[in-house]
Amino acid sequence: SLVGSEMCIRDSPYVSEKNYWIVLHHGLFQGYYWMQHYDQDRNSRDALIDSPHYQACVDFCANWDQVSFDPDYKSQPLEYFIPMVRRIFARSPGANL
C-alpha cells in the first residue's frame, strides 16, 4: 500500500514515472547498505532488476540517499533549494516528464 510521500506523488503531474518508481522502491534499495548487518539479503533489490528504472534507483541511493546519513556531509540550508522548487512548480504540469 502507498503511504506518505509515495501517495502524495503517485498522480502528481510534476513527477515522472521514473522518479515515482525511485521514491516507491528506494527503501528496499537503501537496504543494500544495511541489511547484511541484520542477517538479511542486501541484494534483495535484485528482484526488481528487470525494471527500466532499476539502475536509476541504485544511483539515487548511492549518490544521494546513502550520503544523507553521514553526519559530516556538507549540505546546503533549505533556503538554497527554494528557487529550484519554485522552478519545478512554475512549469506546466506534465512538462519534462
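The following exchange covers the helices, the core and some single residues of a predicted model.

Trainee: What should be known about the numbering and the confidence limits of this model?
Mentor: Residues are numbered from 1 along each chain as its sequence is written, and side-chain values use heavy atoms, with hydrogens and water left out. The model is predicted, so local features need pLDDT of at least 70, side-chain atom pairs count only at pLDDT 80 or more, and totals for chains, interfaces and linings use all residues.

Trainee: How many helices and strands does the chain have?
Mentor: Helices (H or I, at least four residues) and strands (E, at least two) are DSSP runs, numbered from the N terminus. The elements run α-α-α-α from that end. The count is four helices and zero strands.

Trainee: What percentage of the residues of the chain count as buried?
Mentor: Buried means under 20% relative accessible area, exposed over 50%, and partly exposed in between, with a 1.4 Å probe and protein chains only. The chain has 97 residues. The buried share is 21%.

Trainee: Which helix gives the most residues to the largest nonpolar core?
Mentor: A nonpolar core is a set of buried Ala, Val, Leu, Ile, Met, Phe, Trp, Tyr and Cys residues joined through side-chain atoms within 4.5 Å. The largest one has seven residues: Trp21, Ile22, Phe29, Tyr54, Cys57, Val58 and Cys61. Helix H2 (17–30) and helix H3 (54–65) each supply at least two of them. With four residues, the helix that gives the most is H3.

Trainee: At what angle do the axes of H2 and H3 cross?
Mentor: Axes are lines fitted to C-alpha atoms, for helices over the stretch in contact, and angles run from 0 to 180 degrees between N-to-C directions. The two axes come within 9 Å. Their crossing angle is roughly 65°.

Trainee: How many nonpolar, polar and charged residues make the contact of H2 with H3?
Mentor: Contact means heavy atoms within 4.5 Å. Residues of H2 in this contact include Lys18, His25 and Gln30, and those of H3 include Ala56, Phe60 and Asp65. Ala, Val, Leu, Ile, Met, Phe, Trp, Tyr, Cys and Pro count as nonpolar, Asp, Glu, Lys and Arg as charged, and the others, Gly among them, as polar. The tally is nine nonpolar, three polar and two charged.

Trainee: Is Gln30 buried or exposed?
Mentor: Gln30 is found in helix H2. Leaving out residues up to four places away in sequence, Gln30 touches Cys61, Asp65, Gln66 and Phe69. Because its relative accessibility is 7%, Gln30 counts as buried.

Trainee: Which non-glycine residue has a positive phi of about 55°?
Mentor: The residue is found in the loop between H2 and H3. At 78% relative accessibility, it counts as exposed. The residue is Asp39.

Trainee: How far apart in space are Arg42 and Leu28, C-alpha to C-alpha?
Mentor: Arg42 is also found in the loop between H2 and H3, and is partly exposed at 28%. Beyond its neighbours within four places in sequence, Arg42 is in contact with Gly31, Tyr32, Met35 and Gln36. Arg42 and Leu28 are 14 residues apart in sequence, and their separation in space is 8.9 Å.

Trainee: What distance separates the C-alpha atoms of Glu17 and His53?
Mentor: Glu17 lies in helix H2 and is exposed, with a relative accessible area of 62%. Glu17 and His53 are 36 residues apart along the chain. Their C-alpha atoms are separated by 9.0 Å.
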